[in-house]
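Q: Got a minute to walk me through this one? I'd like to talk helices first, then the sheet.
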Amino acid sequence: MTVRRPARQPLSTFPLSPRGEGRGEGAAPLVTDVLVVGGGLAGAMAALAARSRSARVVLARRAPGATALSSGAIGAAPDTWCAPAEPLASRLDTLTAARRLAASRPEHPYAALGPGLDALEEALAFAAAELADLLAPPSGRPLFLSTPYGAVVTAALAQRTMVAADLAAVRGTLAVVGFRGHLGFDARLVAGALAPWEARGGPRTTAVELDLFMRGDLALARPHELARALEAPGAAEEAGRLLGRALPAGAAAAVFPPVLGRAPAARVMERIAGAAGLPVAETLSDVPSVPGLRLQAALEARLLAAGVELVSGEVAVERGGRPGDEVRAGGREVRARSWVLASGRFVGGGIVRRGALVEPLLGLPVQATEAGAPDGELASRPAASLTVRARRAAQPLLAAGVRIDRQLRPLDASGAPLHPRLFAAGAVIGGHEVAADGTGLGVGVLTGYLAGSAAAGAPG
Ligand SMILES: Cc1cc2nc3c(=O)[nH]c(=O)nc-3n(C[C@H](O)[C@H](O)[C@H](O)COP(=O)(O)OP(=O)(O)OC[C@H]3O[C@@H](n4cnc5c(N)ncnc54)[C@H](O)[C@@H]3O)c2cc1C
């Protein structure tokens, strides 16, 4: 079969927000309970948690951040203490692993939260319920999911399109599906890389190639173009029929490249599975990430549905400005009793380098941590001196961010909370390497949930 190539479409296919935006220049100031700065997972969780406590919430964001680049699955605390050959079934559950991580890495946000870490499972369940169309409910144990290169990543939550390929759950052979002639995904490489996991309780794997995207230009089609092509009427069904014919004996599930539709409503996974007659999933994604964009789009939709006032544009705070003051957000003036800073790190722009590493909105001190020892001074060292040669070693630069107390309040240079109604959430908080230590989006979920709840309830 030849699937038609869709017309070129920019990534802005995933609009920041079609409606409900702030009303622009000259309008009366928005007066609200909570202002959230940042529209990634941390900001969205904060806004939704505050809304669930009946607070009025304005969320301002100038662009998608790291959340839209993520694989789409939520890492919270992988078991990094297990021996490599240890069976998947005996790996630590997420909360136990998070507690162990907090005990061994005092600079990590999980450690800074103290007893707040106990809310991790509650926060993950809240995220899954808020994004129920997108995320599968927590299963009570970690998920073991393949990247598009066959590396295995531990996730606490994953999109519904991913869980059928959880290595700990597939009973039988996992068919790794590629598109013949497409250069972006090598099914044999992935199946081969996953093979050693059989000895740890994972499935047997076999590569299967489908004659789906065979025309010359489709061999280079970008992930979101493939995702859109599969959404077209009949395309997913045809993929399922081809898969059904190519399946190896004993196949229990099939895992595709991470292009199973841009929107859950297109039901690409369900349509392929129905035609093939077995559960179907997609791998985690590299950048650019269709599941990451799907996650970002789902957050936007949920924020609107929950009654959060969305403002597109940058938040600018006058020097010395604090919660309760009027601030500029996009084209609006906004006055909020509490603020949640969820501005991300280097991708989102919550931490930038201007000579030294700085937090540009409020001028909060930035801490970089070396070998577990917090030291604000590191932030003013040359960036090159904050990386080490071995990529797998801890990279101080990548863990730079603001410090918080147990109530999620950012600390000033003296180590005291800057303001009783200023909270921080997500990657702007330092002490963890968001893209590498397996806790990135999990920190966003937990700190967003706690910061939003605290902001909604903050007296004053
Ligand atoms: C390539 C990559 C892949 C990753 N993959 C994974 C993964 O698979 N699993 C995982 O768990 N984690 C992953 N991570 C980490 C994870 O994506 C981040 O930790 C997480 O997305 C951070 O969320 P956040 O909401 O704190 O920040 P972001 O998602 O970066 O959002 C920051 C927001 O703040 C806004 N903002 C900043 N300043 C202002 C301002 N002044 N005014 C208005 N808006 C502002 C930005 O526009 C943006 O909307 C990955 C990270 C990267 C970079």
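A: Sure. One term before we start: contact here means heavy atoms within 4.5 Å. Also keep in mind that this is a predicted model.

Q: Ok, so which residues in α1 meet α9?
A: On the α1 side you have L41, A44, M45, A47 and L48. They meet L299, R302 and L303 in α9.

Q: And how many of the residues in that contact are nonpolar, polar or charged?
A: The contact of α1 with α9 divides into 7 nonpolar, no polar and 1 charged.

Q: At what angle do the two helices pack?
A: About 20° between α1 (residues 41-52) and α9 (residues 290-305), and their axes are 10 Å apart. Angles under 35 degrees count as roughly parallel, so α1 and α9 are roughly parallel to each other.

Q: Left-handed or right-handed crossing?
A: Left-handed, as α1 passes α9.

Q: Switching to the sheet: what's the strand order?
A: The order is β6-β5-β7-β8, in an open sheet of 4 strands with parallel pairing.

Q: Which ones are the edge strands?
A: β6 (204-210) and β8 (280-282), each of which pairs on one side only.

Q: How much are neighbouring strands turned against each other?
A: By 30° on average in this sheet, ignoring direction.

Q: How many bridges join β5 to β6?
A: There are 7 bridges joining β5 (residues 173-179) to β6, and the two strands run parallel.

Q: What's the bridge partner of V176 in β6?
A: That would be A207.

Note on methods: Residues numbered from 1 in each chain as written. Predicted model: local features only at pLDDT ≥ 70, side-chain atom pairs only at ≥ 80, totals over all residues. Heavy atoms only, no water. Axes fitted to C-alpha atoms, helices over the stretch in contact; angles between N-to-C directions. Parallel < 35°, antiparallel > 145°, perpendicular 65-115°, else oblique. Left-handed = near helix turned anticlockwise from the far one by under 90°. Nonpolar A, V, L, I, M, F, W, Y, C, P; charged D, E, K, R; others polar. Pairing = 2+ DSSP bridges.
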